[in-house]
Amino acid sequence: MSSIKITKSIIILERQRALILRELRNIRYMVRGSYGLAHRRCGKPNCWCAQEEKGHPYHRITWTKNAQPGTRTIPAHDVEWIKEMTGNYRRYQELKNLLREKHQELKLLLNQRKNKIISRTKKQRKYL
């Protein structure tokens with residue numbers, strides 16, 4: 001790859017990186033975990049759930065912290081909010097991974113650029 005193409009690629013990556021960072025900064029609230037709908041039996045012998053395969057539906061959030069799993073029931077009035085907050089968390093993680101990938105690409109391009117500059121400099125004077 002030529003020096004000009006490398007430089008253009010670096011500029012493009014820097015712009016992409018800046019956009020990712022801006023989006024990361026714009027995420028103001030999040031909750032660690034995943035939202036889900038689960039079912040459980042209530043334990044009453046005469047309830048319909050005692051005869052059915054599934055039990056009563058309930059909303060919950062699950063997470064892992066310090067290798068310990070956690071679950072919490074979400075009240076109906078908070079379901080939309082928790083979906084948004086866990087979605088923000090998931091998006092934050094995706095953006096962080098994307099930023100890491102862009103950083104790796106940038107490192108490779110910078111090393112290529114360094115080698116091109118060294119090669120060009122050697123043509124002027126051969127010290128090494």
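# Salt bridges and helices in a predicted model

Visitor: How many salt bridges does the structure hold?
Guide: The structure, which is a predicted model, holds four salt bridges.

Visitor: Why would side chains pair up like that at all?
Guide: Side chains of opposite charge can pair when their charged atoms come close.

Visitor: OK, give me one. What does Glu-23 pair with?
Guide: Glu-23 meets Arg-91 in a salt bridge, with 2.8 Å from N to O. Arg-91 is in helix α2 and Glu-23 is in helix α1, so this pair ties together parts that are 68 residues apart in sequence.

Visitor: Are those two buried or exposed?
Guide: In between. Arg-91 is partly exposed, at a relative accessible area of 34%. Glu-23 is also partly exposed, at 32%.

Visitor: Which salt bridge does Arg-91 form with a residue of helix α2?
Guide: The side chain of Arg-91 meets that of Glu-94 in a salt bridge, 3.4 Å from N to O. Both residues lie in helix α2, three residues apart, which is about one turn of the helix. Glu-94 counts as partly exposed, because its relative accessibility is 42%.

Visitor: Which residues end up joined into one network?
Guide: Glu-23, Arg-91 and Glu-94 are joined into one network by salt bridges that share partners.

Visitor: And what about Glu-80, which partner does that one have?
Guide: Glu-80 forms a salt bridge with Lys-83, and their closest N and O atoms are 3.6 Å apart. These two also sit in helix α2, three residues apart, about one turn of the helix.

Visitor: Is Glu-80 buried or exposed?
Guide: Glu-80 counts as exposed, because its relative accessibility is 58% and the cut-off for exposed is over 50%. Lys-83, at 36%, counts as partly exposed.

Visitor: Let's step back. How many helices and strands are in the chain?
Guide: The chain has two helices and three strands. Along the sequence they follow the pattern α-β-β-β-α.

Visitor: Is the chain compact or spread out?
Guide: The chain is more spread out than a compact globule, because its radius of gyration is 26 Å, well over the 14 Å that the globule rule gives for 128 residues. Along the principal axes, the C-alpha atoms fill a box of roughly 90 × 25 × 25 Å.

Visitor: What share of the residues count as buried?
Guide: Of the 128 residues of the chain, 20% count as buried.

Visitor: Back to the helices. How do you describe two that pack together?
Guide: Two packed helices are described by the angle between their axes and the distance between the axes.

Visitor: So what are the values for α1 and α2?
Guide: Helix α1 covers residues 3-26 and helix α2 covers residues 79-124; their axes come within 9 Å and cross at roughly 160°. That makes α1 roughly antiparallel to α2, because angles over 145 degrees count that way.

Visitor: Is the crossing left-handed or right-handed?
Guide: The crossing of α1 and α2 is left-handed.

Visitor: What kinds of residues make the contact?
Guide: The contact of α1 with α2 has 13 nonpolar residues, five polar ones and 10 charged ones.

Visitor: New topic: loops. Where is Glu-53?
Guide: Glu-53 is in the loop between β1 (34-40) and β2 (56-65). Glu-53 counts as exposed, at 75% relative accessibility.

Visitor: How far apart are Glu-53 and Arg-41?
Guide: Glu-53 and Arg-41 are 12 residues apart in sequence, and in space they are 9.2 Å apart, C-alpha to C-alpha.

Visitor: And the next loop? Which residues have a positive phi between β2 and β3?
Guide: Asn-66 is one of them, with phi near 55°, a positive value in a residue other than glycine. Asn-66 lies in the loop between β2 and β3 (68-74). Ala-67 is found in that loop too, and its phi is near 65°, also positive.

Visitor: Why mention the sign of phi?
Guide: Because most residues other than glycine have a negative phi.

Visitor: Last one. Are Asn-66 and Ala-67 buried or exposed?
Guide: Asn-66 counts as exposed, at 68% relative accessibility. Ala-67 also counts as exposed, at 67%.

Note on methods
Residues are numbered from 1 along each chain as its sequence is written. This is a predicted model: local features need pLDDT of at least 70, side-chain atom pairs count only at pLDDT 80 or more; totals for chains, interfaces and linings use all residues. Side-chain values use heavy atoms; hydrogens and water are left out. Axes are lines fitted to C-alpha atoms, for helices over the stretch in contact, and angles run from 0 to 180 degrees between N-to-C directions. Helices (H or I, at least four residues) and strands (E, at least two) are DSSP runs, numbered from the N terminus. Angles under 35 degrees count as roughly parallel, over 145 as roughly antiparallel, 65 to 115 as roughly perpendicular and the rest as oblique. A crossing is left-handed if the near helix is turned anticlockwise from the far one by less than a right angle, and right-handed if clockwise. Ala, Val, Leu, Ile, Met, Phe, Trp, Tyr, Cys and Pro count as nonpolar, Asp, Glu, Lys and Arg as charged, and the others, Gly among them, as polar. Buried means under 20% relative accessible area, exposed over 50%, partly exposed in between (1.4 Å probe, protein chains only). The radius of gyration is taken over C-alpha atoms; the globule rule is 2.2 Å times the number of residues to the power 0.38.
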